[in-house]
Amino acid sequence: MKLSVLDQSPIRNGSNAMEALQESVQLARLADKLGYTRYWLSEHHNTNSLAGASPEILIARLAAETERIRIGSGGVMLPNHSTLKVAENFRLLEALYPGRIDLGIGRAPGGDRITAHILNPSNTFDPKEFVQQVVDLQAWLTDKITPGSMQEKVKAIPVIPSSPDLWMLTSSGESGLLAAHFGIALSFAHFIYPVGGPQAVAKYRQQFRPSEHLAAPQASVGIFVYCADTEEKAAELEAVMDYRLLSFEKGKYDVFPTYEEIKDIEYTAEELARIRANSGRRIAGTPPQVKARLEQLAADYEVDELVIATITQNHADRLRSYELLAEAFQLGR
């Protein structure tokens with residue numbers, strides 16, 4: 001089993017963006033040392049609780065701070081950007097760190113629609129435009145020139161012999177079918193939508209068409225994980241995340257409480273129902289408990305790689321969770 005990291009650069013309560021980014025540096029170094037396969041950075045906008053607005057910038061820093069682990073985006077929200085600029089950003093990263101760069105792309109805005117429009121005023125939110133962006137991106141990353149296309153006149157620089165690994169991120173079956181059509185690796189965001197994922201990945205495999213990027217289907221699954229030395233500690237981490245996910249559904253995205261602040265809350269019946277519904281988005285427990293559930297999740301999806309996202313109020317709890325997972329799965333041995 002391969003384990004990877006998804007880092008959203010969370011800003012803890014009482015902390016700030018500068019500290020959050022330094023914590024990302026620290027976690028990347030640890031993940032590299034422990035034997036994690038990749039370290040992905042997300043793109044989010046117009047929020048006070050996440051610092052990761054530009055994954056391509058942070059990738060450059062983290063790749064310089066590490067030696068072995070692949071560093072990439074999980075992901076770049078393609079409609080927010082010029083496709084040529086994305087291709088050039090990641091070609092440059094690949095030139096600096098050959099064989100270690102991943103380009104994960106998604107079509108969600110990474111925030112609200114107003115912000116997405118300001119980021120890219122030409123964005124019409126038309127799915128057909130996203131499809132064309134994927135076509136152009138693949139062409140620029142591989143220097144594949146189709147007669148009459150833009151790539152005849154414009155090249156993505158620097159021109160290099162290798163290419164970043166390309167991934168499509170999805171929380172639905174639709175993007176999975178696009179990944180299959182274009183021959184792109186697929187990562188399913190179970191931590192966003194824990195329903196229908198195994199079926200979506202199975203359809204991706206069935207309809208996969210080989211490409212210059214990828215000869216055979218490749219898939220991973222993303223999940224929130226809270227691993228602790230004791231069941232009591234794991235339950236506390238889980239309770240805080242339950243509160244945060246419930247807050248997200250109420251439109252409160254910048255809530256980051258401590259366990260002490262939420263431990264005595266009495267939820268309504270409706271809120272408890274939503275907490276139960278969201279429980280599929282995360283796994284919490286001691287190392288043996290978490291390992292068993294993660295192995296079952298991987299079996300359900302028929303994948304050999306899980307992408308782990310962990311957000312805690314105490315940074316030491318976050319580091320410890322990744323350490324315990326690495327020990328449980330004997331990473332790097």
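A residue counts as buried when its relative accessible area is under 20%. By that cut-off, strand β1, residues 2-7 of this predicted model, is mostly covered. Five of its six residues are buried.

Strand β1 has two pairing partners described here. With strand β9 (residues 305-309), β1 pairs in the parallel sense over five bridges. Within that pairing, V5 has I308 of β9 as its bridge partner. With strand β2 (residues 38-41), β1 also pairs in the parallel sense, over three bridges. Here D7 stands opposite L41 of β2. The chain travels from β1 to β2 through helix α1 (residues 17-34). This β-α-β crossover is right-handed.

Helix α1 also holds E23. The relative accessible area of E23 is 8%, so this residue is buried. Leaving aside residues up to four places away in sequence, E23 touches P10, R12 and H315. With R12, the contact is also a salt bridge, at 2.6 Å from N to O. The pair links distant parts of the chain: R12 sits in the loop between β1 and α1, and E23 in α1 is 11 residues away. R12 is buried too, because its relative accessible area is 18% and the cut-off is 20%.

The model has 20 salt bridges in total. Another of them joins E238 and R282, whose closest N and O atoms are 2.6 Å apart. E238 belongs to helix α8 (residues 231-249) and R282 to strand β8 (residues 282-285), so the salt bridge ties together parts 44 residues apart in sequence. R282 has a relative accessibility of 6% and therefore counts as buried.

A further salt bridge links R320 and E327. Its closest N and O atoms lie 4.0 Å apart. Both residues are partly exposed: R320 has a relative accessible area of 28%, and E327 has one of 47%. Elsewhere, salt bridges that share partners join R38, R70, D102, D165 and E305 into one network.

The surface also carries a nonpolar patch. I192, Y193 and V195 make up this patch, which covers about 290 Å². Y193 is found in the loop between β6 (185-189) and α7 (197-207). With a relative accessible area of 43%, Y193 is partly exposed.

How values were computed: Residues numbered from 1 in each chain as written. Predicted model: local features only at pLDDT ≥ 70, side-chain atom pairs only at ≥ 80, totals over all residues. Heavy atoms only, no water. Buried < 20%, exposed > 50% of the residue type's maximum accessible area, 1.4 Å probe, protein only. Helix = DSSP H or I, 4+ residues; strand = E, 2+ residues; numbered from the N terminus. Pairing = 2+ DSSP bridges. Right-handed = clockwise from strand over helix to strand, strands pointing away. Patch = residues over 30% accessible without salt bridge, like charges linked within 9 Å, V, L, I, M, F, W, Y side chains within 5 Å. Areas by Shrake-Rupley, 256 points an atom, 1.4 Å probe, with all protein chains shown as cover. Salt bridge = Lys/Arg side-chain N within 4 Å of Asp/Glu carboxyl O. Contact = heavy atoms within 4.5 Å.
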